[in-house]
Amino acid sequence: MTGTTHTSSPHIEVSNLDLSYGDFVIQKNLTFTVNHGDVFIIMGGSGCGKSTVLKCLIGLKSPARGIVRFDGADFWSTAASTREAMMRRFGVLYQSGALWSSMTLAENVGLPLGEYTELGAAEIRDLAAMKLALVGLAGFEDFYPSEISGGMQKRAGIARAMALDPDVLFLDEPSAGLDPISSKLLDDLIVELRDSLGTTMVIVTHELASIFSIGTNSVFLDPVSKTMIAKGDPRELRDHSPDPNVREFLNRGASAMTKGPDPARTDSSRPTEAAR
Amino acid sequence: MESAVRLAENILAQAPRMTVAKDHATDRKTGAFSVEMGTAGVGLLAFSGDWTLQAKAPGAAAIASALAAGTGIRRIGFDTDALAQWDSTFITAILGVVAQGKAAGIDVDLGGLPAGAQRLVTLATAVPERQGARRTATRDGFLVGLGKWWLASYKSMQDSLAFVGEATIALARFSVGRARFRRVDLMIALEACGPKALPIVTLISVLIGLILAFVGAIQLRQFGAQIYVADLVAIAMAREMAAIMTGIIMAGRTGAAFAAQLGTMQVNEEIDAFRTLGFSPMEFLVLPRMLALIVMMPLLCIYANILGILGGGIVGIWMLGLTPTAYYVQTIASVSLTDFGIGISKSVIFGIVVALAGCLKGLQSGRSASAVGDAATSAVVLSIVMIIVLDGFFAVVTSIMGI
Ligand SMILES: Nc1ncnc2c1ncn2[C@@H]1O[C@H](COP(=O)(O)OP(=O)(O)OP(=O)(O)O)[C@@H](O)[C@H]1O
Ligand SMILES: [Mg+2]
């Protein structure tokens, strides 16, 4: 399932983006391009600002500086109404799931359908059931978010994000809290959606297995220098990135030796870990 | 990172075991330390006794000042032969020494520490502190504080006005049938604001009627004018008390609930999800709640009127010996439709105030449990203050209009 090479036009262009909460700068000088049909991975250590970047791309947080373009159209300096029209073409999975707690799963998925399509109630229900089945939640249509597990909430959130067959799907840590099988199924689903509907995927994830199996392009954010320190095909980065931090991250910290020998951490820690 | 935490747990779990053997040698004494000058500028920090949460070991500050006093130290080493039990207290002390050494540019040699302690210290220093992340508490001067307070109040005033404006637009869109919200939400809100509020409104209204009648009766009996208790209760209920009391009850009951509901949705990113899908939280969340209170408040107010007058009647009949007919006739004669009208129109306004205050505070809520609590509290306070202020305003206007 290695990603097929997509030679296509830019879908999302980010240039010189700075993000901050008040005076606290999170990331600066981000420049990257997501092409149509990409599975674009945003990666980096915990707390480096991945979710913040995503919030900026989906219109929830304005950048301190810089430009975001969707299909060439400036996203942040247009009128709010134009921006909202552009946002209609997004599907978003929030890191916390963010299902509407007062609605059942079917209602969660069906609400945008009822709003933006002319479909009748029965058709909406069928469509919602289909989307839920795609993420492995068939039969849970009438459950409330509080009645399902955390991983199931994540999957239901993905079903809602897919409700309107968006042009771009933004997924914030879709496989966090999923078992390996479900997370593999999710990867298959992502690739399938991309191939059949041409959906562009922007995914925040730490899951190395899925990064390598589905990612076609990526950007790597660093919390120390507060900017991106690598971009490109993640498999390429794993093996050939000039930056040791990137290689270390993508090899699960296995190349930690590049930081210099550290007996206390490497040797003596081994027995303890092996003992488990 | 996860494995790091696991490792730390493992080491901590082992720590007591590793030191059990030594227990016999040093029978449990509290932790102590000493600084000795070794050769070649090495300051040897010797630890003895128990360094645990229970044993009162010296604090990091004591070690710091002892080290600072030792002049000519170019390197710090550790001697832990006399150390008995240790736990995170010990690690904290070592970390203090490491930080102090770093600040003074002195090498700290961890070699003399127990192996587990070495690993924990290395772990704790593995991830460097994030630049710019640490918050320093700065104390503002009076003028700075005043300026910040003013800017914050100005901003919140602007936000509130914008909110009221948006709510008006939402109401207008509703009246031309273009507002988008779920009918179920309206039904749920109607139920919460109406039938479910009846018991408490019943109780409070009857009691208010009783109290008004008691207060009046004591005075009026002196003149033999007991019958006017009926006037007093009827007019007070119709014009003021029914509307104010239902307003305050609904502020505490429903306004707080609205703020908590919307605040929790804010915490869960549910509001963000509405926004990105193009649902206006104003129409989708605020409008049904506002409509429910606009419909239910006048009904509750009428209900409170009736029960308040009944409460007054109880006192009139049993305490003052009036006949039910006389009380009834006197009540009818004393209040006009205008009096009821004033009370009922006020109740509609109060309903809007309660709904808006609750929803505004809920939507402005921060993303933490205590922020949701604060939102609920300030929603109640804001509604009650607004209710009393608006009531005063009404009193002035009606007296000028002579009604
Ligand atoms: N509302 C906020 N106000 C102030 N600072 C914030 C806020 N939200 C996030 N931050 C800061 O922004 C930084 C990045 O947060 P963000 O949620 O984007 O991280 P992340 O990369 O998604 O991390 P994770 O992988 O753990 O989800 C953090 O250091 C955090 O302290
Ligand atoms: Mg995140």
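Which of the 14 residues around ligand 1 come nearest? They are Ser46(A), Gly47(A), Lys50(A), Ser51(A) and Thr52(A). The legends below describe this site and other close-ups of a predicted model.

**View 1. Ligand 1 and its polar contacts.** Ligand 1 sits between chains A and B. Two of its contacts are made through backbone atoms of chain A. A backbone N or O atom of Lys50(A) is 2.7 Å from an oxygen atom of the ligand, and a backbone N or O atom of Gly47(A) is 2.8 Å from an oxygen atom of the ligand. A side chain also takes part: an N or O atom in the side chain of Tyr21(A) is 3.4 Å from a nitrogen atom of ligand 1. On its own the ligand has 630 Å² of accessible area, and the protein covers 66% of this.

**View 2. The shell around ligand 1.** Strand 2 (24–35) and helix 1 (50–57) of chain A are the elements that give two or more residues to the shell. Helix 1 of chain A gives the most, with three residues. By residue class, the shell holds seven polar, four nonpolar and three charged residues.

**View 3. Helix 1 of chain A.** How many of the eight residues of helix 1 of chain A are buried? Seven of the eight are, and the helix is mostly covered. The buried residues are Lys50(A), Thr52(A), Val53(A), Leu54(A), Lys55(A), Cys56(A) and Leu57(A). Ser51(A), in the same helix, is partly exposed because its relative accessible area is 22%, and the limit for buried is under 20%. Just after the helix, Gly59(A) has a positive phi of about 90 degrees.

**View 4. The magnesium ion (ligand 2).** Which protein atoms coordinate the magnesium ion? The donors are OG of Ser51(A) and OE1 of Gln95(A), at 1.9 to 2.2 Å. These two residues are 44 residues apart and link distant parts of the chain. Ser51(A) belongs to helix 1 of chain A, whereas Gln95(A) is in the loop between strand 6 (90–93) and helix 3 (105–116) of chain A. Gln95(A) is partly exposed, with a relative accessibility of 36%. Ser51(A) is one of the residues that come nearest to ligand 1, so this residue appears in the legends for both ligands.

**View 5. An aromatic cluster in chain A.** Over all chains, a search of the whole structure finds 21 aromatic pairs. One of them joins Phe70(A) and Phe75(A): the ring centres are 5.0 Å apart and the planes meet at 70 degrees, so the pair is edge-to-face. Phe70(A) and Phe75(A) are both buried. Ring pairs connect these two residues with Trp76(A), Phe90(A) and Phe170(A) in a cluster.

**View 6. An aromatic pair in chain B.** Phe274(B) and Phe284(B) form a tilted pair, with 4.9 Å from centre to centre and 45 degrees between the planes. Phe274(B) is in helix 9 (residues 270–276) of chain B and Phe284(B) is in helix 10 (residues 281–318) of chain B, so the pair ties together parts that are ten residues apart in sequence. Phe274(B) is buried, at 1% relative accessibility. Phe284(B) is buried too, with a relative accessible area of 1%.

**View 7. Two residues with positive phi in loops of chain A.** Most residues other than glycine have a negative phi. Asp165(A), which is not a glycine, has a positive phi of about 45 degrees. This residue is in the loop between helix 5 (150–161) and strand 7 (168–172) of chain A. Lys226(A), also not a glycine, has a positive phi of about 55 degrees, and is in the loop between strand 9 (217–222) and strand 10 (227–231) of chain A. Are these residues buried or partly exposed? Asp165(A) is partly exposed, at 39% relative accessibility, whereas Lys226(A) is buried, with a relative accessible area of 11%.

**View 8. Met237(B) and Ile302(B).** Met237(B) is located in helix 8 (residues 228–267) of chain B. With a relative accessible area of 1%, Met237(B) is buried. The C-alpha atoms of Met237(B) and Ile302(B) are 9.8 Å apart, while the two residues are 65 residues apart along the chain.

Key
Residues numbered from 1 in each chain as written. Chains lettered and ligands numbered in written order. Predicted model: local features only at pLDDT ≥ 70, side-chain atom pairs only at ≥ 80, totals over all residues. Heavy atoms only, no water. Near = heavy atom within 4 Å. Polar contact = N/O pair within 3.5 Å; in protein donor to acceptor, adjacent residues only side chain to side chain. Areas by Shrake-Rupley, 256 points an atom, 1.4 Å probe, with all protein chains shown as cover. Helix = DSSP H or I, 4+ residues; strand = E, 2+ residues; numbered from the N terminus. Nonpolar A, V, L, I, M, F, W, Y, C, P; charged D, E, K, R; others polar. Buried < 20%, exposed > 50% of the residue type's maximum accessible area, 1.4 Å probe, protein only. Donors = N, O, S within 2.8 Å, 3.2 Å for Na, K, Ca; no water. Phe/Tyr/Trp six-rings, centres within 6.5 Å; stacked < 30°, edge-to-face > 60°.
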